[in-house]
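Please look at the sequence and the three-dimensional structure below before reading on. The report that follows begins with a single residue and then widens its view.

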Amino acid sequence: MSRWWTEAVAALGDVLPLPLAALLVVLLAGVAALAWYHFPAWVPRRLPRWRLPRLRLPRWRRRTADGPAAVALPRPRGAHDDLPADAARSLADRLAAEGRYAEAVRERLRAMVRRLVAVGAVAPRPGMTVTELTDAAARARPPVDPPLRAAGAIFAELWYAQRPAAADHDRRMRELADDLDRALSAPPPDGGAR
């Protein structure tokens, strides 16, 4: 092993000066470290998808007497999941006024989810992701799909890719919540039967 290493380093030294090779290795390690640190941010937003058929096994769920639980989105300790949508909106307004935009975006998304549940567009399940919720709501009411997908993308960018939140994110979430309210106020495409 040591002879192989010595010969490899000697061959590299014949082609490239060793200090330059060492500098290139250090630069390559630095680029790899930066890519590793900023991993979710540099991955393209839309990768090609090859869908394979998925085998779905039956899931046994225990039902509670109170009904389904709230959708599982990140929540600080001590916060209450049973707030109505209006309370979540006012909490989001307070958080945005304090400059806590990421938390305001999260509360605006929660208000949107509560609005969907209130009109019966979706039935929440514990551990439901934003994508699953969007898919379920789009099946029940197709016009809600664009604002929900955009809101989910903003939420994922701030909470999962950990990008810094700004006032523009909160403003955009307000617009998307208004779009969702308009889509929900329109009659369902099948004439109201669900």
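## A buried valine and its surroundings

In this predicted model, Val 130 is buried, because its relative accessible area is 14% and the cut-off for a buried residue is under 20%. Val 130 belongs to helix α6, which spans residues 130-140 and in which Leu 133, Thr 134, Ala 136, Ala 137 and Ala 138 are buried as well. What lies over these buried residues of α6? The cover includes helices α5 and α7.

A residue from elsewhere in the sequence can also be placed relative to this valine: Arg 149 is 19 residues away from Val 130 along the chain, while their C-alpha atoms are 8.5 Å apart in space.

Arg 94 offers a second residue to examine, and its place is in helix α4, which runs over residues 85-97. Is Arg 94 buried, partly exposed or exposed? Its relative accessibility is 48%, and since partly exposed residues fall between the limits of 20% and 50%, Arg 94 counts as partly exposed. The C-alpha atom of Arg 94 is separated by 7.9 Å from that of Ala 104, a residue 10 positions away along the chain.

The two residue pairs described so far are set out here.

| Residue pair | Apart in sequence | C-alpha to C-alpha |
|---|---|---|
| Val 130 and Arg 149 | 19 residues | 8.5 Å |
| Arg 94 and Ala 104 | 10 residues | 7.9 Å |

The two helices named in the cover of α6 also pack against each other: helix α5 (residues 101-118) and helix α7 (residues 145-159) meet at an angle of about 145°, and their axes are 10 Å apart. The crossing of α5 and α7 is left-handed. On the side of α5, the contact is made by Ala 102, Glu 103, Val 105, Arg 106, Leu 109, Met 112 and Leu 116, whereas α7 contributes Pro 147, Leu 148, Ala 151, Ile 154, Phe 155, Leu 158 and Trp 159. Sorted by class, the residues in this contact are 12 nonpolar and 2 charged, with no polar residue among them.

Turning to the protein as a whole, its secondary structure consists of 8 helices and 0 strands, so that the pattern along the sequence reads α-α-α-α-α-α-α-α. Of the 194 residues in the protein, 26% are buried. Among the contacts with a separation of 6 or more, 63% are between residues 24 or more positions apart. The protein exposes about 14100 Å², and carbon and sulfur atoms supply 61% of that area.

Definitions and conventions:
Residues numbered from 1 in each chain as written. Predicted model: local features only at pLDDT ≥ 70, side-chain atom pairs only at ≥ 80, totals over all residues. Heavy atoms only, no water. Axes fitted to C-alpha atoms, helices over the stretch in contact; angles between N-to-C directions. Helix = DSSP H or I, 4+ residues; strand = E, 2+ residues; numbered from the N terminus. Left-handed = near helix turned anticlockwise from the far one by under 90°. Contact = heavy atoms within 4.5 Å. Nonpolar A, V, L, I, M, F, W, Y, C, P; charged D, E, K, R; others polar. Buried < 20%, exposed > 50% of the residue type's maximum accessible area, 1.4 Å probe, protein only. Areas by Shrake-Rupley, 256 points an atom, 1.4 Å probe, with all protein chains shown as cover.
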